[in-house]
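Colleague: I should be grateful for a close look at a single part of this model, followed by its setting in the chain as a whole. Please begin with one residue and work outwards from there.

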Amino acid sequence: MTEEISSTLNTYIVTQILKQPRRNLRMDEPLLTSGLVDSFNLVDLGLFVEDKFGVRIEDTELNPDTFNTLEQLTVLIQSRLS
């Protein structure tokens, strides 16, 4: 399930946010602190996570401590699904 989550997140980020569908993000690649994902896209990503995986993301979680890498996002989602 973890691989499915990270793959789904990767696909969404590279196609909808970065508009670079051939790109593949590393699990530890910084999204927010590197500027790949800006604050506007961060909100969209949070909404996508809630809709796609049926988990609740608090506004206070939309920050680099929680949403900076695919690994962090995957762990967060997986913990909410358990």
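Modeller: Ser6 is a residue of helix 1. The model is a predicted one, and the description below should be read in that light. The relative accessibility of Ser6 is 11%, below the 20% limit, and Ser6 therefore counts as buried. Once neighbours within four places in sequence are set aside, Ser6 is in contact with Met27, Leu70 and Thr74. Leu70 and Thr74 also appear among the residues of helix 4 that meet helix 1, which leads from the single residue to the pairing of the two helices.

Two packed helices are described by the angle between their axes and the distance between the axes. Helix 1 spans residues 2-17 and helix 4 spans residues 70-81; they pack at an angle of about 130°, and their axes lie 9 Å apart. The two helices are therefore oblique to each other, and their crossing is right-handed. On the side of helix 1, the contact is made by Thr2, Ile5, Ser6, Leu9, Asn10 and Ile13, while helix 4 contributes Leu70, Leu73, Thr74, Ile77, Gln78 and Leu81. Sorted by class, this contact comprises 7 nonpolar and 5 polar residues, with no charged residues.

The loop that leads into helix 4 merits attention as well. Asn68 is located there, between helix 3 (64-67) and helix 4. With a relative accessibility of 11%, Asn68 counts as buried. Residues up to four places away in sequence being excluded, Asn68 touches Glu29, Pro30, Leu31, Leu32, Thr33 and Asn63. With respect to Val14, Asn68 is 54 residues away in sequence, and the C-alpha to C-alpha separation in space is 15 Å.

These local views may now be placed within the whole chain. The chain contains 4 helices and 0 strands, and its elements follow the order α-α-α-α from the N terminus. For 82 residues, a compact globule would be expected to have a radius of gyration near 12 Å; the chain has 11 Å, which agrees. Along the principal axes, the C-alpha atoms fill a box of roughly 30 × 25 × 20 Å. Of the 82 residues in the chain, 43% are buried. Finally, of the contacts between residues at least 6 apart in sequence, 56% join residues at least 24 apart.

Key. Residues numbered from 1 in each chain as written. Predicted model: local features only at pLDDT ≥ 70, side-chain atom pairs only at ≥ 80, totals over all residues. Heavy atoms only, no water. Axes fitted to C-alpha atoms, helices over the stretch in contact; angles between N-to-C directions. Parallel < 35°, antiparallel > 145°, perpendicular 65-115°, else oblique. Left-handed = near helix turned anticlockwise from the far one by under 90°. Contact = heavy atoms within 4.5 Å. Nonpolar A, V, L, I, M, F, W, Y, C, P; charged D, E, K, R; others polar. Rg over C-alpha atoms; globule rule 2.2 N^0.38 Å. Buried < 20%, exposed > 50% of the residue type's maximum accessible area, 1.4 Å probe, protein only.
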